[in-house]
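Work through the exercises below with the sequence and the model at hand. Each task is followed by a stepwise solution.

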Amino acid sequence: MDFALLIFGGGLLFWFGVAYWRNAVFGALLLVVFEGAIRKWVLPQSSMTVYFAKDFLLLGAYTGYFFGDRRKRSSGLSERRRRSNGFGEGINMLLLCAVIWTFFESFNFDTGSILSGLFGWKAYVMYIPLCFMVPSLFRSEHELAKFLRYYLANALPVALLGVAQFSAGPDSPLNVYASGADSGAGDSGNIAVFGDDTYVRITGTFSYISGYGSYLIVILALLLPLLALSRSIRWRITFVATLVLVIANAAMTGSRSVALGAGLVLAGYIALSMATNARRKRSHIWVNVLAVGAALVAMSLFFEPAVTALQQRAQAGFESGENQNRLRAAISEPLDFFEDAGLFGHGNGIAQPAVAALRKAIHLPPAIYAFASPTDSENSRVLMELGIPGFLLWFGMRVALIVALWRTRSRLRSPFLHALALGACLVLFYQLFTATTFSPTANVYHWFLAGFILLLPRLELHPVPGVVANQPQLVRNRWFSRRRSTLKDAAASSSSSQQITSDAAQTKSRLNPPNERRGSRKYRKSSS
């Protein structure tokens, strides 16, 4: 690891985050997608340094957002934060207790060193502040839709790269892993394959398969609301093409959990939309039904080798019993380790690949107690690190977030926000049984989508004045500029018409004064 580059580059990113916290958050979300490509093909010698880039950006954004408003009291942002009570007293208390418990687990003697424990604590809490910033990122439904539209459009070239990786062989330069904290692959030369024909398990622009699989699930969940409610033919064609390629890429990863998650999101979104939406809103659902049906047909026609290879891997898993064991482990494996975990667990980082890579990079002592799940299940790893109380606090808080997001959805009246909340809720439910806390990609998306609990009701009730307008921006929002000029023109036109009406009334009054009119009426009456 190049510490000089880490300090200099991290300092610049931190400063940028403080000065432009809103753009820094958007930049971090983009880095989640393209960080792996930089680590694999652009700066492979600085892979570990690039790994921390989004963290420095977000740390600066946290500083600029939570402490920078003291210099910007005119923006009204600090007053708005004082009115906010977070997720509610129950979830706030669970979240606070979970953060405190995980912090004290950093000093568990079994971690081997305090630095290892604190780095393991980062996996739990690093991205939690992001959910409280989400309501300040967007001040209107249109702005949220615009951001999601272009963010999802980035998935199209990423998915095309996945198709190229699947077609290339394991020896192709397209198929490499990033060495470092989150790859989990060990030697970057060991490329995973699947199926009888040994097709490559693709990674797209990500460091390894797990991160790419998490990204595909999130893209699917956000793509369906925009596809159904988009009025532009150009965007609908783009979204349908993206949908086909994303579903095909889910199969090309060779991951059974990703394929299961994609099926959960697609079927769950359509079924729950039809079951809970009013009849007048169901016309949008049929757009998704037709699009998903067309995507599945296109995938079976154009990407049949990927479907066949995934079926072969799934069939082999059922025959060996591996699939059944993994499904059971995702729900009940922690019960097998309650006695070993005990009350206080064995400390943060004993079961995290990122902490193991850090120990190797800076020569920290190994953990006194090491643990590896037989099925690589995250819930048992969290249990062994935090102990029984910490495990219950952490997963109780995550279940409470899912319930809160579902309740938020039931109160929304906007069709777009209602559909968006459903997609986010399905992602959080899927992440409950898969690697999320120890996967940086899934972790960032988890807390970003959890912020929808706070964001979506505010977008529906009223826009947030002054938050975005007073924040330094690198990219000017042309839509709002055009909107403001349109409103000014309309106001000027209205005032001019009112002035013309007033002038006409004054002219009529001068030509026919009230006394003369009354006199003329009396004269006519007396004459008659």
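The exercises cover a surface patch, a helix, the nonpolar cores and two single residues.

The model is predicted, so local features need pLDDT of at least 70 and side-chain atom pairs count only at pLDDT 80 or more, while totals for chains, interfaces and linings use all residues. Residues are numbered from 1 along each chain as its sequence is written, and side-chain values use heavy atoms, with hydrogens and water left out.

**Exercise 1.** Determine which helices supply the nonpolar patch on the surface.

Step 1. Patch residues have over 30% relative accessible area and no salt bridge, and nonpolar side chains (Val, Leu, Ile, Met, Phe, Trp, Tyr) are joined within 5 Å. A salt bridge is a side-chain nitrogen of Lys or Arg within 4 Å of a carboxyl oxygen of Asp or Glu.
Step 2. The members are Met93, Leu96, Ile100, Phe103, Phe104, Phe107, Ile114 and Leu118, together with about 740 Å² of accessible area (Shrake-Rupley method, 1.4 Å probe, only the protein chains shown counting as cover).
Step 3. Helices α6 (89-104) and α7 (114-125) each give at least two residues; helices here are DSSP runs of H or I, at least four residues, numbered from the N terminus.
Step 4. α6 has the largest share, five residues.

**Exercise 2.** Classify isoleucine 100 by its relative accessibility.

Step 1. Buried means under 20% relative accessible area, exposed over 50%, and partly exposed in between.
Step 2. Isoleucine 100, in helix α6, has 41% and therefore counts as partly exposed.

**Exercise 3.** Check the length of α7 against its expected span.

Step 1. The expected span is 1.5 Å times one less than the number of residues.
Step 2. For the 12 residues of α7 this gives 16 Å, and the end C-alpha atoms are 16 Å apart, which agrees.

**Exercise 4.** Describe the nonpolar cores.

Step 1. A core is a set of buried Ala, Val, Leu, Ile, Met, Phe, Trp, Tyr and Cys residues joined through side-chain atoms within 4.5 Å.
Step 2. The largest has 132 residues, and those with the most contacts inside it include Trp447 and Phe448.
Step 3. Helix α19 (residues 378-411) contributes the largest share of this core, 14 residues.
Step 4. A second, separate core of nine residues includes Met48 and Leu358.

**Exercise 5.** Place leucine 432 and find what it touches.

Step 1. Leucine 432 sits in the loop between α20 (415-431) and α21 (440-450).
Step 2. Its relative accessibility is 15%, so leucine 432 counts as buried.
Step 3. Contact means heavy atoms within 4.5 Å. Not counting residues up to four places away in sequence, leucine 432 touches Phe395, Arg398, Val399 and Ile402.

Notes. Patches are made of residues with over 30% relative accessible area and no salt bridge: like charges are joined within 9 Å, nonpolar side chains (Val, Leu, Ile, Met, Phe, Trp, Tyr) within 5 Å. Buried means under 20% relative accessible area, exposed over 50%, partly exposed in between (1.4 Å probe, protein chains only).
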